[in-house]
Amino acid sequence: MEEHDHRKLGQELDLFTFSDLVGPGLPLWTPRGTIVREELDKFVWELRSKHGYERVAIPHITKRELYEKSGHWDKFADDLFKITSREGRQYALKPMNCPHHTQIFARKPMSYREMPQRYAETTMVYRDEQSGELGGLTRVLSITQDDAHVFCREQQMHDEFAIIWDIVGQFYGTFGFSLRVRLSLHDPATPEKYLGSPERWATAEQTLRDIAKEKNADTFDGIGEANFYGPKVDFMATDSLGRQHQVATIQLDMNLPERFDLVCINEKGERERIVMIHAAITGSLERCSAVLLEHLGGNLPTWLSPVQAKVLAIADTHQPFAKDILGALKEAGIRAELDTSGDTLGKKIREAKTMKIPYLLVVGDQEVADKTATLEGRAGKIGALPIADIVAKLKDEITRRV
Ligand SMILES: [Zn+2]
């Protein structure tokens with residue numbers, strides 16, 4: 001359906017743009033679009049911070065040696081943007097954050113008492129896609145990941161997976177997606193394709209099955225869908241148009257801890273090999289925005305809308321009171337605008353509806369006299385309400401993310 005195309009919606013709602021000078025696949029986010037990105041990220045961070053995640057920050061480039069050690073220099077060779085410094089040193093733009101994050105973990109010996117370490121960061125990664133494949137937000141060269149890596153002991157894997165599973169469920173549940181879960185397992189017919197002992201694989205895969213059962217999840221097996229370095233859980237969301245999107249992944253990684261020799265010192269004072277879990281909740285903010293725009297037909301919930309309320313005065317004489325209302329909304333932290341054009345009310349309403357603004361507050365003679373505004377939501381007119389009641393209603397809806 002064309003009206004659900006996120007490229008069209010993104011332009012109509014003024015969320016993002018592309019420039020020939022900057023290049024295809026490199027979206028530029030407008031002030032409105034940036035609000036959507038930040039609100040999504042804030043939501044994920046709220047969910048994560050409750051569970052002991054900590055923020056980290058890394059540079060966008062690295063010396064070649066990091067990716068040689070991680071294996072990405074070979075494996076990702078065609079997708080890497082490479083940079084040569086004036087002294088001839090080779091760097092690369094990061095296509096993922098995990099190798100950098102391992103070096104934060106490795107900065108000092110970690111006691112088992114400090115485990116797990118949970119690092120989260122929302123940052124862009126860069127992958128060199130062929131320009132023929134680029135379009136909209138679904139194939140881009142600059143990808144914003146809400147990335148997280150958990151460094152934990154094998155016996156902590158269960159709880160860490162379960163935490164991320166809950167976060168994924170809460171995040172997508174908010175938007176009304178139903179989730180199916182693919183347990184991406186190794187193929188026992190080709191053991192040589194996988195890193196790590198069969199016992200470790202058996203333990204890891206059984207852990208995933210246990211959690212799926214505990215969560216009462218709608219799961220199916222993907223035999224042979226595992227990464228070579230560990231099994232994973234892929235969450236598939238069905239949108240309002242009945243299409244299925246792969247939205248979030250939790251991956252177990254037994255490879256990078258080997259390559260970077262990541263250990264903790266256990267209760268016996270021994271070096272104990274740890275495991276890593278990669279967990280992006282939105283997948284990428286670009287793809288997540290595209291999926292959400294199409295799923296919701298552009299009708300973002302109030303908490304996520306760049307403009308949450310618009311005040312419309314019927315005539316110029318009502319503008320001073322309309323301005324007072326705008327002040328009250330802003331004071332309460334609601335993103336509001338006032339239409340100051342001399343257009344007719346009909347035109348003002350049409351314009352606000354094209355921008356899919358969730359709430360309109362109309363002000364005329366009666367409203368000025370009663371100190372009210374006539375509130376209109378997406379479903380239709382709600383009625384004349386005191387300003388304080390409107391503020392309270394919107395605040396409640398925003399806080400609860402309904
Ligand atoms: Zn990762």
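How do the residues of the lining of the largest cavity divide into nonpolar, polar and charged? Hold that thought, everyone; a little background comes before the reply.

What we have here is a predicted model, where local features need pLDDT of at least 70 and side-chain atom pairs count only at pLDDT 80 or more, while totals for chains, interfaces and linings use all residues. Numbering runs from 1 along each chain as its sequence is written, and side-chain values use heavy atoms, with hydrogens and water left out.

Okay, the cavities. A cavity is a set of points on a 1 Å grid over the protein atoms alone, where a 1.4 Å probe fits but cannot get out, and a lining residue has an atom within 4 Å of a point. There are four cavities of 30 Å³ or more, and the largest holds about 90 Å³, volume being the space filled by probe spheres set on the points. Its lining has 13 residues, with Leu13, Ser305, Pro306, Met355 and Lys356 nearest the centre. And the split is eight nonpolar, two polar and three charged. Here Ala, Val, Leu, Ile, Met, Phe, Trp, Tyr, Cys and Pro count as nonpolar, Asp, Glu, Lys and Arg as charged, and the others, Gly among them, as polar.

Next, the metal. Cys98 (SG), His149 (NE2) and His278 (ND1) coordinate the zinc ion at 2.1 to 2.4 Å. Donors are N, O and S atoms within 2.8 Å of the metal (3.2 Å for Na, K and Ca), and since water is not among the atoms, sites may look incomplete. In sequence, the spacing reads C-x50-H-x128-H. Cys98 sits in helix H5 (residues 98-105) and His278 in strand E15 (residues 275-280), so this pair ties together parts 180 residues apart in sequence. Helices (at least four residues) and strands (at least two) are DSSP runs, numbered from the N terminus. Buried or exposed, you ask, for Cys98? Cys98 is buried, at 6% relative accessibility, and His278 is buried too, at 9%. Buried means under 20% relative accessible area and exposed over 50%, with partly exposed in between, using a 1.4 Å probe and protein chains only.

Now Gln117, in strand E7 (residues 117-126), which is buried at 10%. Its side chain makes a polar contact of 2.9 Å with that of Tyr119; that term means a pair of N or O atoms within 3.5 Å, one able to donate a hydrogen and the other to accept it within protein, and residues adjacent in sequence count only if both atoms are side-chain atoms.

Last one: Pro109, in the loop between H5 and E7, is exposed at 67%.

Definitions and conventions
On a 1 Å grid over the protein atoms alone, a cavity is a set of points where a 1.4 Å probe fits but cannot get out, and a pocket is an open set with protein on both sides within 12 Å along at least five of seven lines; lining residues have an atom within 4 Å of a point.
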